[in-house]
Structure formats: C-alpha cells, structure tokens
Amino acid sequence: MAFLRLRSPSLAPANPLPPLRTPTTTSSSASPSPSLPPWSRVSIPTSLTRRSSSLSTAVSDLRSQSLNFLLSGALAVGLSLAGAVGFAEAKVGVNKPELLPKEYTTVIDVAGFLSDGQEKRLAQEIADIEKDTGFKLRVLAQNYPDTPGLAIKDFWSVDDQTIVFVADPTFGNIINFNVGASVDLDIPRSFWSRLAGKYGNIFYWKEKGEDASVEAAVMAISNCLREPVGANNCSEVK
C-alpha cells in the first residue's frame, strides 16, 4: 500500500507585508512602547489560515479512507485494525484451497490456536447469531502465509451479510476483519477498531493466549449484533 505524503504549506508569505502600527497608550504616566523589530510586526494572511484548514480536512479525509480500506479491503490476507486508523502492511494474496477442511464449518483453525471444544462452542455461538440476526460470522485462525486465503470466499459463500474474522498475529494485533456492506450499514465502523484495540492487542493475546482473544472477540460481536440498531448501538465492547 502506498503512503501519501501531504505537502505542508509554506509559512512565509509570497510578498512582504507592511508592518502593523503599534497602538500607543493614552496614559501620561506610562512610558512609550519600545519600537518592535520588523519581523515581529507581520500579520498572518487569511489565505494561509484557509490553506491550513484545507490541510486539516485532507488529513481527516485520508484517515477516514484508510479506515474504510482496512474494513473492506482484500479478503483473508491480514487487514489489521491496530488502533483507530492504523495502516496494514500490504501482503501478497494467497489461495490454498488444499488447506480447507473436508467438511463445511464456520470456524477454520489452521494455526492450532483453538481446542476442539473451543471450536464447537464458537460454531454454536455463530449458528445462534445467524439464526437470531441474519448476519453470518465466520472465523479463520491462521499464521500468514499458512492460510487458505482467498479460497474461503467460495467455501463460505461470502456475501454482504458476512463478517470474516481473521485471527492472525502477523501484524501484532491478532484481530482483523472483512465486513460485508450490509453489516457496515448497521454496525458503526468505530466498533471494529475498538474491539481490536481491546482484545486484539499484542499485550492481551500474549498474556491470555490467542484462543482467549478469539473467544472474547466472538462474544463481543455477538453482543453487538444483538443490540437494536440506533445512534448508540455497539458503543461499548462487551
């Protein structure tokens, strides 16, 4: 991914400006104000203020676009939400259908993070989410590049109702998402970054274990999807 470097506007005006008059005091007891050096008597032109405002707007737009890219970019190759507006390191997409399980499942663990019992509990929770909300949560635990990668798109029939949760410690933060367009309409984008910040940071999963991060994230998503859609839904990561 290419980084965009924004050029800061020059603080030096194009043409010299006339010095401002220093106000004088009307008090007879006050001593005359000393003459100020010319460089201290320059006003900042309105055009620079406008350019500074435009620069702030451009930076804000760039951050918004980067977050949008992280939420809806390439599937299953590790798009990270480390922090509110972090940039994910670009990775070459892989497609290894041979790593897919023989039977259909909503939880694929090619990294060995989860026990059999944990996989079953998560699969049951995911089934309940889909039954109650209509949204399809799918979990892939991997260590890039050991991943089925793009092959999961057809395996899971990923569509606009699907949330693909990729647990991959490659980027430091283990929690990564690809969010379908319909999900994006109901769930605030800030929820995903806050979720990754709480349960995906390297300190959490190093202490608790990768499995604990995955389970906590699934339960937080379950709670969020069950909340009524509104101005404050999913405002808290539970």
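**Exercise: the disulfide**

Cys234 has a relative accessibility of 0%, so this residue counts as buried. The model is predicted. Find which residue forms a disulfide with Cys234, and describe the link.

*Solution.*
- Start with the cut-off: a disulfide needs cysteine sulfur atoms within 2.5 Å.
- The sulfur atoms of Cys224 and Cys234 are 1.9 Å apart, and these two residues form a disulfide.
- The count for the structure comes to 1 disulfide.
- Next, the geometry. The angle about the S-S bond is 90°, and the link of Cys224 and Cys234 is right-handed.
- Then place the ends. Cys224 sits in helix 7, while Cys234 belongs to the segment after helix 7, 10 residues apart.
- Last, check the burial of the partner. Cys224 is at 2% relative accessibility and therefore counts as buried.

**Exercise: strand order and edges**

State in what order the strands of the open sheet run, and explain why one side of strand 1 and of strand 4 is left without a neighbour.

*Solution.*
- The open sheet is formed by 4 strands in the order 1-2-3-4, with mixed pairing.
- Strand 1 (107-109) and strand 4 (175-179) stand at the edges; each has a single partner strand, so one side of each lacks a neighbour in the sheet.
- From one strand to the next, the twist averages 15°.

**Exercise: parallel or antiparallel?**

Assign the sense of pairing for strand 1 with strand 2 and for strand 3 with strand 4, and give a bridge partner from each pair.

*Solution.*
- Recall the background: strands of a sheet pair through backbone hydrogen bonds, in a parallel or an antiparallel way.
- Strand 1 and strand 2 (residues 136-141) are parallel, over 3 bridges. Ile108 has Leu140 in strand 2 as its bridge partner.
- Strand 3 and strand 4 are antiparallel, over 5 bridges. Phe165 has Phe177 in strand 4 as its bridge partner.
- Both senses are now on the page, and the pairing in the sheet is indeed mixed.

**Exercise: the faces of strand 4**

Sort the residues of strand 4 by the way they point, and decide whether they are buried or exposed.

*Solution.*
- Use the general rule: side chains in a regular strand alternate between the two faces of the sheet.
- One way point Ile175, Phe177 and Val179; the other way point Asn176 and Asn178.
- Burial means under 20% relative accessible area. All of these residues are buried.
- The tally is 5 of 5 residues, and strand 4 is mostly covered.
- Now look for covering helices. Helix 5 (residues 189-199) lies across strand 3 (162-167) and strand 4, at about 160° to strand 4.
- Helix 7 (residues 210-225) also packs on the sheet, where it touches strand 2, strand 3 and strand 4. The direction of helix 7 makes about 160° with that of strand 3.

**Exercise: the length and packing of helix 7**

Test the span of helix 7 against the value expected at 1.5 Å a residue, then say what its buried residues pack against.

*Solution.*
- The 16 residues of helix 7 should span 22 Å. The end C-alpha atoms are 23 Å apart, which agrees.
- The buried residues of helix 7 include Val214, Ala217, Val218, Ile221 and Leu225.
- An α-helix has 3.6 residues a turn, so residues three or four places apart point the same way.
- The packing partners of the buried residues are helix 2 (116-133), strand 2, strand 3, strand 4, helix 5 and helix 6 (202-208).

**Exercise: salt bridges to helix 2**

The structure holds 7 salt bridges. Trace those of Glu215 and of Arg226, and identify which residues join into one network.

*Solution.*
- Apply the cut-off: nitrogen to carboxyl oxygen within 4 Å.
- Arg121 and Glu215 meet at 3.3 Å, N to O. Arg121 lies in helix 2 and Glu215 in helix 7, so the bridge ties parts 94 residues apart in sequence. Glu215 is at 21% relative accessibility and so counts as partly exposed.
- Arg226 and Glu125 form a salt bridge, with closest N and O atoms 3.7 Å apart. Arg226 is in the segment after helix 7 and Glu125 in helix 2, 101 residues apart.
- Arg226 also forms a salt bridge with Asp132, at 2.5 Å between the closest N and O atoms. Asp132 lies in helix 2, so this pair ties together parts 94 residues apart in sequence.
- Shared partners join Glu125, Asp132 and Arg226 into one network.
- Finish with accessibility. Glu125, at 16%, counts as buried. Arg226, at 36%, counts as partly exposed. Asp132, at 49%, counts as partly exposed.

Terms used
Residues are numbered from 1 along each chain as its sequence is written. This is a predicted model: local features need pLDDT of at least 70, side-chain atom pairs count only at pLDDT 80 or more; totals for chains, interfaces and linings use all residues. Side-chain values use heavy atoms; hydrogens and water are left out. Two strands pair if DSSP finds at least two bridges between them. Helices (H or I, at least four residues) and strands (E, at least two) are DSSP runs, numbered from the N terminus. Axes are lines fitted to C-alpha atoms, for helices over the stretch in contact, and angles run from 0 to 180 degrees between N-to-C directions. Contact means heavy atoms within 4.5 Å. Buried means under 20% relative accessible area, exposed over 50%, partly exposed in between (1.4 Å probe, protein chains only). The expected span of a helix is 1.5 Å times one less than its number of residues. A salt bridge is a side-chain nitrogen of Lys or Arg within 4 Å of a carboxyl oxygen of Asp or Glu.
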